[in-house]
Amino acid sequence: MPGEQIIRLAFFFGVLAVVAVWEVIAPRRILTDSKGRRWFANLTLVAIDTAVVRSLLPVLPVGMALMSQERGWGILNIIMLPTWFKIVMAVVVLDFVIYLQHVLFHFLPALWRLHRMHHTDLDIDVTTGNRFHPVEIVISAGIKLAAVTLIGPPAVAVVAFEVALNATSQFNHGNIRIPEALDRWLRLVVVTPDMHRVHHSVIPRETNSNFGFNLPWWDRLCGTYRSQPELGHNGMSIGLKEFRDPTTLTLPSLLIQPFARK
Ligand SMILES: [Zn+2]
Ligand SMILES: [Zn+2]
């Protein structure tokens with residue numbers, strides 16, 4: 001789609017910059033790990049993930065939406081509905097698919113080996129929102145392709161969804177302080193940093209809660225919602241208890257981690 005790459009890049013760098021500045025002005029927690037190593041790993045992963053997905057997949061979700069529209073594939077290309085309604089429906093359904101996918105990545109052992117890298121960050125900040133193993137990103141793109149083929153969403157809905165997913169992922173990993181009263185309202189419509197931070201707790205029952213990225217409703221509907229960490233946002237430990245040694249969390253170690261014995 002014309003201008004799509006510019007929109008994506010503008011939102012990526014725009015949200016990264018705004019949240020990074022916010023983290024300096026109003027941090028939520030004191031960070032403990034080396035920011036240089038974490039930021040290098042997390043931001044290099046964005047470039048690696050993008051390159052791998054683009055070189056491995058013959059078509060991306062937006063391209064698939066355009067192709068489905070031309071060929072009349074997918075539910076929304078068959079039924080008559082106003083375009084705005086199709087866009088809203090597609091974004092909501094795609095978000096539910098990503099929620100389910102996240103649950104699956106936690107509970108299927110082979111997928112957890114890929115996803116746990118996201119959870120090995122010993123601090124959580126804006127860059128953690130981009131910390132995903134390339135193989136997880138390829139599988140996720142495959143699931144999105146299947147969902148797009150089945151749903152048949154307008155291409156603009158797929159662009160909006162993907163831009164929103166990256167923007168909210170960076171926002172809700174932010175180490176930013178939001179007044180409690182505002183957070184209470186905000187988390188009725190979007191996953192907030194305080195809500196997603198619970199998901200990065202070392203306590204397994206907290207790790208296995210709050211799977212949503214964009215919309216907070218799926219966790220509430222499916223019984224996986226946990227409002228606050230037991231030990232509080234400043235008392236909780238971030239990460240996984242099996243991966244506490246920062247020297248094993250360099251970029252090369254992270255990339256081979258799913259295939260290591262541990
Ligand atoms: Zn997770
Ligand atoms: Zn996360």
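Start with the sequence of this predicted model: the residues that donate to the zinc ion (ligand 2) are spaced H-x54-H-x22-H-x3-H. Among these donors, His-118 in helix α6 (residues 109-119) and His-196 in helix α10 (residues 193-199) are 78 residues apart, so this pair links distant parts of the chain.

**Stop 1: the zinc ion (ligand 2)**

Select ligand 2 and show the side chains around it. You should find His-118, His-173, His-196 and His-200, each coordinating the zinc ion through its NE2 atom, at 2.1 Å. Try turning the view to look at the angles: they run from 89 to 158° among the 4 donor atoms, and the site is irregular. If you add a surface, note that His-118 and His-196 are both buried.

**Stop 2: the zinc ion (ligand 1)**

Now hop over to the other zinc ion, ligand 1; 5.6 Å separate the two ions. Which residues are its protein donors? Select His-102, His-106, His-115, His-119 and His-199: their NE2 atoms lie 2.1 to 2.2 Å from the zinc ion (ligand 1). Along the chain, these donors follow the spacing H-x3-H-x8-H-x3-H-x79-H. Here, too, a pair links distant parts of the chain: His-102 sits in helix α5 (residues 83-107) and His-115 in helix α6, 13 residues apart. Are His-102 and His-115 buried or exposed? Both are buried.

**Stop 3: the nonpolar core**

Leave the metals and select Leu-94 and Val-148. These two have the most contacts inside the largest nonpolar core, a set of 25 residues. To see where that core comes from, colour α3 (61-71), α5, α7 (134-151) and α8 (155-172), the elements that each give two or more residues to it. Which of the elements gives the most? That's α8, with 7 residues.

Stay on Leu-94 for a moment and show what surrounds it. Apart from its neighbours within four places in sequence, Leu-94 is in contact with Ala-147, Val-148, Ile-151 and Phe-161.

**Stop 4: helix α7**

Next, select α7 and check its length with the distance tool. At 1.5 Å a residue, its 18 residues should span 26 Å, and the end C-alpha atoms are 25 Å apart, which agrees. Then pick out the buried residues of α7, including Pro-134, Glu-136, Lys-144 and Leu-145. Ala-147, Val-148 and Ile-151 are buried as well, and they are the ones you just met in contact with Leu-94.

Finish one step past the helix: α7 is followed by Gly-152, which has a positive phi, near 65°.

Key
Residues numbered from 1 in each chain as written. Chains lettered and ligands numbered in written order. Predicted model: local features only at pLDDT ≥ 70, side-chain atom pairs only at ≥ 80, totals over all residues. Heavy atoms only, no water. Donors = N, O, S within 2.8 Å, 3.2 Å for Na, K, Ca; no water. Tetrahedral: all angles 85-135°; square planar, octahedral: opposite > 155°, others 65-115°. Helix = DSSP H or I, 4+ residues; strand = E, 2+ residues; numbered from the N terminus. Buried < 20%, exposed > 50% of the residue type's maximum accessible area, 1.4 Å probe, protein only. Core = buried A, V, L, I, M, F, W, Y, C linked by side-chain atoms within 4.5 Å. Contact = heavy atoms within 4.5 Å. Expected span 1.5 Å × (residues − 1).
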